[in-house]
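Me: I would like to go through a structure with you. Could you begin with the terms and then take my questions in turn?

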Amino acid sequence: MKRTLLILSSTILLGCSNPHAFILNDTTKNKYFVLELVNQAFEENQIDKSPLIVINGIPFKYDKKQDTILLPLKKSDILTLDFLNKNSSRIIYNEKENDGAIIIMTRIKNK
C-alpha cells in the first residue's frame, strides 16, 4: 500500500511540474514570444523544466528556483532560437545537471 501511494504521489508531482516562464524585456505584445516556443519544446520533450540558456554562445545564469526569468532581449534582437535535448546539451556544454538547452543567437554582438 505504501509503495502504491508513493508511486501515485510521485507521478502527480512530476506530471504537474511546469517549466519556468521565460519572458523578454519587450512590449506586452512581444514579451511572451520565447515562452510560447519554450512551452512547445517542453510539451514535445525536447527540453525539461530547467534548461540551460545560451545567448550568443555564453550560458545565461539564472536562479532555477524562480518561476519567471526575464531575458535581457527584445524580440527584434533574436535571430534564431533552437533547442538541444539533455544528452546533447550535457555533451556540448559539459554541465551535468541541465535539462536541455535553449540556444539563442542575437543581432547584438558580445564585447
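Reply: Certainly. Buried means under 20% relative accessible area, exposed over 50%, and partly exposed in between, with a 1.4 Å probe and protein chains only. Helices (H or I, at least four residues) and strands (E, at least two) are DSSP runs, numbered from the N terminus.

Me: What is the source of the coordinates, and how are residues numbered?

Reply: This is a predicted model, in which local features need pLDDT of at least 70 and side-chain atom pairs count only at pLDDT 80 or more, while totals for chains, interfaces and linings use all residues. Residues are numbered from 1 along each chain as its sequence is written, and side-chain values use heavy atoms, with hydrogens and water left out.

Me: How many helices and strands are there, and in what order do the elements run?

Reply: The chain has three helices and six strands. Starting at the N terminus, the order is α-β-α-β-β-β-β-α-β.

Me: What share of the chain is buried?

Reply: Of the 111 residues, 31% are buried. The chain exposes about 7,900 Å², of which carbon and sulfur atoms supply 55%; accessible areas come from the Shrake-Rupley method with a 1.4 Å probe, and for residues only the protein chains shown count as cover.

Me: Which residues of H2 are buried?

Reply: They are Val34, Leu35, Val38 and Ala41. Viewed down the axis of H2, these residues fall within an arc of 130°, so they line one face of the helix. The arc is that of the directions from the helix axis to the C-beta atoms.

Me: Why would residues three or four places apart point the same way?

Reply: An α-helix has 3.6 residues a turn, so residues with that spacing point the same way.

Me: What covers that face, and what is on the other side?

Reply: The cover over the buried residues of H2 includes E1, E4, E5 and E6. On the other side of H2, Glu36 and Glu43 are exposed.

Me: Which residues touch the most other members of the largest nonpolar core?

Reply: Phe22, Val34, Ile53, Leu71, Ile102 and Ile104 do, in a core of 16 residues. The elements giving two or more residues to this core are strand E1 (21–24), H2, E2, E4, E5 and strand E6 (101–106). H2 provides the largest share, three residues. A nonpolar core is a set of buried Ala, Val, Leu, Ile, Met, Phe, Trp, Tyr and Cys residues joined through side-chain atoms within 4.5 Å.

Me: Take Phe22. Where is it, and what does it touch?

Reply: Phe22 lies in strand E1 and counts as buried, at 0% relative accessibility. Not counting residues up to four places away in sequence, Phe22 touches Val34, Leu35, Val38, Pro51, Ile53, Tyr62, Ile69, Leu71 and Ile102. Contact means heavy atoms within 4.5 Å.

Me: And Ile102?

Reply: With the same sequence neighbours left out, the contacts of Ile102 include Phe22, Val38, Ile47, Leu81 and Phe83.

Me: Changing topic: how many salt bridges does the search find?

Reply: The search of the whole structure finds one. Lys86 pairs with Asp48, the closest N and O atoms being 2.9 Å apart. The two are 38 residues apart and link distant parts of the chain, with Lys86 in helix H3 (residues 86–93) and Asp48 in the loop between H2 and E2. A salt bridge is a side-chain nitrogen of Lys or Arg within 4 Å of a carboxyl oxygen of Asp or Glu.

Me: Are Lys86 and Asp48 buried or exposed?

Reply: Lys86 counts as partly exposed at 31% relative accessibility, and Asp48 counts as partly exposed at 25%.

Me: Which side chain of opposite charge is nearest to Asp77?

Reply: That is Arg107, 5.9 Å away; Asp77 is buried yet has no salt bridge. For charge, Lys and Arg count as positive and Asp and Glu as negative, while His and the chain ends are not counted. Asp77 is in the loop between strand E4 (68–71) and strand E5 (78–84).

Me: What phi does Asn45 take, and where is it?

Reply: Asn45 takes a positive phi of about 60° just after H2. Asn45 sits in the loop between helix H2 (33–43) and strand E2 (52–55) and is exposed, with a relative accessible area of 64%.
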